[in-house]
Amino acid sequence: QLQLVESGGGLVQPGGSLRLSCTASGFTSDYYAIAWFRQAPGKEREGVSIMNIIDGNTYYAEAVEGRFTISRDNAKNTVYLEMNSLKPEDTAVYYCAAGLGGWVADWYSYWGQGTQVTVSS
């Protein structure tokens, strides 16, 4: 089983930055991607960024392209989401997930508990 724990959320002003962390523990070989999803109140959970753990390719939703960066530190079993130029519409609970890849939440079997990001002045 794989366990994922997110951290790094908080309150930030518009235009500010935050770095989220997702640390994995346990072992499983049945996933090929780590992704960040987010869910705002009253909205569907949406994919933000994906990293293919086999080839390292990264993918971003159009809404965050150029502002967010996904990266990993294999020695720490941690994936990061660096978020810059934050906007109020980025406010959501952010989740990391491990699974087959793609933008569909159902394709991910392992989920963290989520961390709140609030962008407000």
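# Surface, pocket and salt bridges

Ser-85 has a relative accessible area of 39% and is therefore partly exposed; the classes are buried under 20%, exposed over 50% and partly exposed in between, with a 1.4 Å probe and protein chains only. The model is predicted, so local features need pLDDT of at least 70 and side-chain atom pairs pLDDT 80 or more, while totals for chains, interfaces and linings use all residues. Residues are numbered from 1 along each chain as its sequence is written, and side-chain values use heavy atoms, without hydrogens and water.

**Positive phi**

Ser-85 sits in the loop between S8 and S9, where strands are DSSP runs of E with at least two residues and helices runs of H or I with at least four, numbered from the N terminus. Its phi is positive, about 50°, although Ser-85 is not a glycine. Most residues other than glycine have a negative phi. Asn-77 is a further non-glycine residue with a positive phi, near 50°. This residue belongs to the loop between S7 and S8. Asn-77 is partly exposed because its relative accessibility is 47%.

**Largest pocket**

The largest pocket has a volume of about 360 Å³. A pocket is an open set of points on a 1 Å grid over the protein atoms alone, where a 1.4 Å probe fits, with protein on both sides within 12 Å along at least five of seven lines; lining residues have an atom within 4 Å of a point. The volume is the space filled by probe spheres set on the points, which are joined across faces, edges and corners.

The lining of this pocket holds 19 residues, and the closest to the pocket centre are Leu-2, Ala-24, Tyr-31, Ile-53 and Asn-77. Two or more lining residues come from each of the strands S1 (2-7), S3 (18-26), S7 (68-73) and S8 (78-83). Strand S3 gives the most, with four residues. By residue type, the lining is made up of nine nonpolar, seven polar and three charged residues. Here Ala, Val, Leu, Ile, Met, Phe, Trp, Tyr, Cys and Pro count as nonpolar, Asp, Glu, Lys and Arg as charged, and the others, Gly among them, as polar.

**Salt bridges**

Three salt bridges are found in the whole structure, each a side-chain nitrogen of Lys or Arg within 4 Å of a carboxyl oxygen of Asp or Glu.

| Acidic residue | Basic residue | N to O distance |
|---|---|---|
| Glu-46 | Arg-38 | 2.6 Å |
| Asp-90 | Arg-38 | 2.9 Å |
| Asp-90 | Arg-67 | 2.8 Å |

Asp-90 lies in the loop between S8 and strand S9 (92-99) and Arg-67 in the loop between S6 and S7, so their salt bridge ties together parts that are 23 residues apart in sequence. Both Asp-90 and Arg-67 are buried. Through shared partners, the salt bridges join Arg-38, Glu-46, Arg-67 and Asp-90 into one network.

The relative accessibility of Arg-38 is 6%, so Arg-38 counts as buried. Arg-38 is in strand S4 (residues 33-39), so its pairing with Asp-90 ties together parts that are 52 residues apart in sequence. Glu-46, in contrast, is partly exposed because its relative accessible area is 38%.

**Nonpolar surface patch**

Tyr-32, Ile-54, Leu-100, Val-104 and Trp-107 make up a nonpolar patch on the surface, and their accessible area together is about 530 Å². Patch residues have over 30% relative accessible area and no salt bridge; like charges are joined within 9 Å and nonpolar side chains (Val, Leu, Ile, Met, Phe, Trp, Tyr) within 5 Å. Areas come from the Shrake-Rupley method with a 1.4 Å probe, and for residues only the protein chains shown count as cover.

Ile-54, one of the patch residues, is located in the loop between strand S5 (46-52) and strand S6 (58-60). Ile-54 is exposed because its relative accessible area is 64%. From Ile-54 to Ala-33 the C-alpha distance is 7.8 Å, with their positions 21 residues apart in sequence.

**Other positions**

Gln-116 is part of strand S11 (residues 115-119). With 40% relative accessibility, Gln-116 is partly exposed. Its C-alpha atom is 4.3 Å from that of Val-93, although the two residues are 23 residues apart along the chain.

Glu-62 is placed in the loop between S6 and S7. Its relative accessible area is 78%, so Glu-62 is exposed. Glu-62 and Pro-14 are 48 residues apart in sequence, and their C-alpha atoms are 19 Å apart.
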